[in-house]
Amino acid sequence: MRKIILFLFLGVGLLGSSQQMTLKKGVVIDSIVVKDSISESYSLFLPTSFEMDRNWPILFVFDMEGQGKRAIRMFKGAAEKHGYILAAPNNVNDSLTTSQNILITGRMFNDIIGLLPIHKNRTYSAGFDSGARFASVLPIFVRGIAGVISCGAVYPNMDILDTNNLFHFIGIVGKEDYAYPEMLVGKSLMGRLKFPNQLLVFNGGHEWPDTKYLGKALEIFTLSAMAKGQSEIDEVYINDTYAQNLEEINLLIRSNRLIQADNLLDEVMSVYRVLKDTDSLKKIKRELKKDKLFKTMTRNENNTLLKESFIKEDYVYYLEEDLATYNYNNLGWWIYQMGELKKYDNSKIEAEREMGKRLLGYVNALIEDNIDIVNSGSQVDQEVLSLLWMLKTITDPLDHSYYLKIISNSARMEDYGTSLFYLEELLKKGYTDKVELYGLENTALLRITPEFNDIVAKYLKDARYETIEE
């Protein structure tokens, strides 16, 4: 993969042809066309403090559905506060190969450095989920990426990391995110490889973090640049951000969110140790380690993480077995497992409640990954796909799309019994879109049957076709 391309793009000055372009500050500018390209564009944000007379740090944000403007908006507030340019391509996509996405990204890079004064040592990448995984591998292929912000995704492949090409890795993850255990392990592994890294943890699931955590990541990059001499030392900035972090740590402790407090303590000490005295933080750390509640919470978390790893192994094993043998008879086992996960919602132990939510997210992601694998094959195994859709109605019963897929596919196979069963299950879950239901592909013959219309009339008051009594 290293042979794809290495873009040596940093340190290039402003191109004469770019000087005529007028860019607004403080707003997201969408669909800037890449020079010499008809189909490629990117979104851009310049902080209101932006001026052309100095070099600026830049964060490239990746949304693998090509929604650059949406991705930039997540970082807009943080970029304005900390003085970062934001840019995001509108043409990268999960459906493309890594090499294709890198080429698209490279063309955007080259366009931007011809347009704006970019700091050659302060170029960063970021994203959420698949966007985070792509952002994470960019430093391997694109020279000059100094750091990565990975939201909700562990580094995709530790084997490709090059200790001769160190970059700063900041992970951000919710405690209820199924990626949380892997990101804890990833942090440890990156530390052993001497990659500077932090892991910021928030209360939440597999989702974009609150903007304050995105801001904290940019803050860390700024402080790191000061520590390395890549940016002028700003004592006011250092002291203010230190005080804010100290206040947040104390608030977490007062709120009994002790594991998060301990995590933030470690990260803040690692960031500030070169810039100022951290004895006050060390004192808090010592006191926290003596706290009985903290010891109990740590023990509970460690126990649940171990238990979680075993349950995940079961999910992987039984899913592989079921798909290999077309084992529809095992759907009951999956229903039972979802019932077991619901029990954790009422646990008195916070770590178990968090584990239950992580496991539910994990099993859904596992099934969706398998759906993608089946669909990407040269010949789609429709029976395996149907089984996976049925599993999704168990693990994510409020996602109506999978019921509709089963109804359509079963009707195509003239398995009307299965279609009618999932039709009723769908309507029980509150589905009300009669227009979509009566326009469903492959169901023309099913829709005119008395059974279909009786079920629709039962839940939606009336049916398109009347049932004729003989």
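**Figure 1. Strand S2 pairs with S4 in this predicted model.** Four bridges tie S2 to strand S4 (residues 85-89), and the two strands run antiparallel. That pairing sits in a predicted model, so take the geometry here as computed, because the model carries pLDDT cut-offs for its local features. Strand S2 covers residues 41-45, and five of its five residues are buried. Look at Ser43 and you'll find Ala88 of S4 standing opposite. Tyr42 also has a bridge partner in S4, namely Pro89.

**Figure 2. Both faces of S2 are covered.** In a regular strand the side chains alternate between the two faces of the sheet. On one side of S2 sit Ser41, Ser43 and Phe45, on the other Tyr42 and Leu44, and all of them are buried.

**Figure 3. Strand S1 joins S2 as well.** S1 takes in residues 28-33 and runs antiparallel to S2, with four bridges joining the two. One contact to pick out is Val33, whose bridge partner in S2 is Ser41. Ser41 is also among the buried residues of S2.

**Figure 4. S4 pairs with strand S3 too.** Strand S3 (residues 56-62) runs parallel to S4, and three bridges join them. Phe60 has Ala87 as its bridge partner in S4. S4 itself is mostly covered, with five of its five residues buried. Ile85, Ala87 and Pro89 point one way from the strand while Leu86 and Ala88 point the other way, and all are buried. So Ala87, the partner of Phe60, is buried because its relative accessible area is under 20%.

**Figure 5. Glu248 and Lys216 link two helices.** Side chains of opposite charge can pair when their charged atoms come close. Here the side chains of Glu248 and Lys216 meet in a salt bridge, at 3.1 Å from N to O. The pair connects distant parts of the chain, with Glu248 in helix H6 and Lys216 in helix H5, 32 residues apart. Are these two residues buried or exposed? Both Glu248 and Lys216 are buried.

**Figure 6. Arg358 and Glu308 meet in a salt bridge.** The N to O distance for this pair is 2.7 Å. It links distant parts of the chain: Arg358 belongs to helix H11 and Glu308 to helix H9 (residues 292-325), with their positions 50 residues apart in the numbering. Arg358 and Glu308 are both buried.

**Figure 7. Val363 sits in helix H11.** The helix runs over residues 350-376. With a relative accessible area of 0%, Val363 counts as buried. If you want a ruler across the view, try Gly191: its C-alpha is 29 Å from that of Val363, and the two are 172 residues apart in sequence.

**Figure 8. Lys343 and Glu340 pair within one helix.** In this salt bridge the closest N and O atoms are 2.8 Å apart. Both residues belong to helix H10 (residues 331-344), and they are three residues apart, about one turn of the helix. Which of them counts as exposed? Lys343 does, because its relative accessibility is 53%, whereas Glu340 is partly exposed at 24%.

**Figure 9. Asp63, Glu65 and Arg70 form a salt-bridge network.** The three residues are linked to one another through salt bridges. For the wider tally, the count of salt bridges comes to 22.

**Figure 10. A negative patch on the surface.** Glu232, Asp234, Glu235 and Asp240 make up this patch. Where does Asp234 sit? Asp234 lies in the loop between helix H5 (211-227) and helix H6 (235-254). Asp234 counts as partly exposed because its relative accessibility is 34%.

**Figure 11. Zooming back out to the chain.** For orientation after the close-ups, the chain holds 17 helices and eight strands. Its C-alpha trace spans about 90 × 65 × 40 Å along the principal axes. Of the 470 residues in the chain, 50% are buried.

Key. Residues numbered from 1 in each chain as written. Predicted model: local features only at pLDDT ≥ 70, side-chain atom pairs only at ≥ 80, totals over all residues. Heavy atoms only, no water. Patch = residues over 30% accessible without salt bridge, like charges linked within 9 Å, V, L, I, M, F, W, Y side chains within 5 Å. Areas by Shrake-Rupley, 256 points an atom, 1.4 Å probe, with all protein chains shown as cover. Salt bridge = Lys/Arg side-chain N within 4 Å of Asp/Glu carboxyl O. Lys, Arg positive; Asp, Glu negative; His and termini not counted. Charge placed at Lys NZ, Arg CZ, Asp CG, Glu CD. Buried < 20%, exposed > 50% of the residue type's maximum accessible area, 1.4 Å probe, protein only. Pairing = 2+ DSSP bridges.
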